[in-house]
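Reader: I am new to this structure and would like a close look at a single part of it. Please take the sheet, together with what packs on it and what lies beside it.

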Amino acid sequence: MKLGMRVISWNVCGLRSAYEKGFSEELKRIDADLICLQEIRASSVALPLDLAALGYQAYPNPSRRRGFHGTAVMARLRPLRVSRSLGHPRFDSEGRFMRLDFPDFVLINVYMPHGGRDKRDMGYKLEAYEALLEYLSGLSSANIILAGDFNVAREPIDLARPRENVNNTMFTPEEREKLARLIELGFVDSFREFCRDGGHYTWWPWSYRARERNLGWRIDYIFVSRGLKDRLRDAFILPEVRGSDHCPVGIDIEI
């Protein structure tokens, strides 16, 4: 049951592909007010008529490189303003950041870099995190909902095989330290406010039947600033929703 305003975040791994795999039906069932999407891999977002009829407006931020990256927000609420720049040239050119200002809160949608399995882009990833942390530190008085694919598992409980991956991309000490600093800024990991158990993941590799075996990682999050913590009513992960190697995550919040 929906409790207050619902926000979801989902790396769709290609929006056109997601449409072909039942994206609209899933969104109608989830019934969210704000939908943060990552990796849309599209130059624009054309809303299907059934979603437009439900009152959604699409706000895309495509990558300048066609067929890669990009973010979007589908919203039933009308924002006061929309911005698409974090202030980092490469990050911004890849369409990885969106900020929507509403009367009582700010919604930020991010798609953080992966870093590369061979770590060739790890420097870029850590640099992008520094830019994000600096940006957020300047918004200390705002009520912020921060959603997206962060490409880092916070704690050992957040991946199926932590010991085997301690020095691998998405679980190195350097990457995890960035999320620790995000918590130090006052942001709350919404899912952990409601569930302290392991075995809950948001991304599974395509290989080795990882999803069926639940060999996953929790790398998609919705954080809220400290002032919104007491307004959280629920936080959830929807592993049954297919269509991508990620699944949606969400919160219900009273604002």
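Author: Two strands are said to pair if DSSP finds at least two bridges between them. In this predicted model, β5 and β6 (residues 97-101) meet that condition, pairing in the antiparallel sense over three bridges. Within this part of the structure, S83 stands opposite R99 of β6.

The sheet to which these strands belong is open and has six strands, in the order β5-β6-β7-β8-β10-β9, with mixed pairing. In general, the strands of a sheet pair through backbone hydrogen bonds, either parallel or antiparallel. The edges here are β5 (81-83) and β9; each has a single partner strand, so one side of each is left without a neighbour in the sheet. From one strand to the next, the twist averages 20°.

Two helices lie across the strands. Helix α5 lies across β6, β7 (106-111), β8 and β9, and runs at about 175° to β7. Helix α6 lies across β8, β9 and β10, and its angle to β10 is about 25°.

Helix α6 can be followed further. It takes in residues 173-184, 12 residues in total, and spans 16 Å from its first C-alpha to its last, close to the 16 Å expected at 1.5 Å a residue. Its buried residues include E175, K178, L179 and L182. These cover an arc of only 90° around the axis, which puts them on the same side of α6. An α-helix has 3.6 residues a turn, so residues three or four places apart point the same way. The partners against which the buried residues of α6 pack are α5 (122-137), β8 (144-149), β9 and β10. Just after α6 comes G186, with a positive phi of about 110°.

Beyond that glycine, the chain can be followed through an edge strand into a loop. S190 lies in the loop between β9 (187-189) and β10 (220-225). The relative accessible area of S190 is 2%, so S190 counts as buried, the cut-off being under 20%. Its side chain reaches the backbone oxygen of I222 at 2.5 Å. Leaving aside neighbours within four places in sequence, S190 is in contact with I222, L232, A235 and I251. I222 thus appears in both descriptions of S190, as the residue whose backbone oxygen the side chain reaches and as one of its contacts.

Notes
Residues numbered from 1 in each chain as written. Predicted model: local features only at pLDDT ≥ 70, side-chain atom pairs only at ≥ 80, totals over all residues. Heavy atoms only, no water. Helix = DSSP H or I, 4+ residues; strand = E, 2+ residues; numbered from the N terminus. Buried < 20%, exposed > 50% of the residue type's maximum accessible area, 1.4 Å probe, protein only. Polar contact = N/O pair within 3.5 Å; in protein donor to acceptor, adjacent residues only side chain to side chain. Contact = heavy atoms within 4.5 Å. Expected span 1.5 Å × (residues − 1). Arc of directions from axis to C-beta. Axes fitted to C-alpha atoms, helices over the stretch in contact; angles between N-to-C directions.
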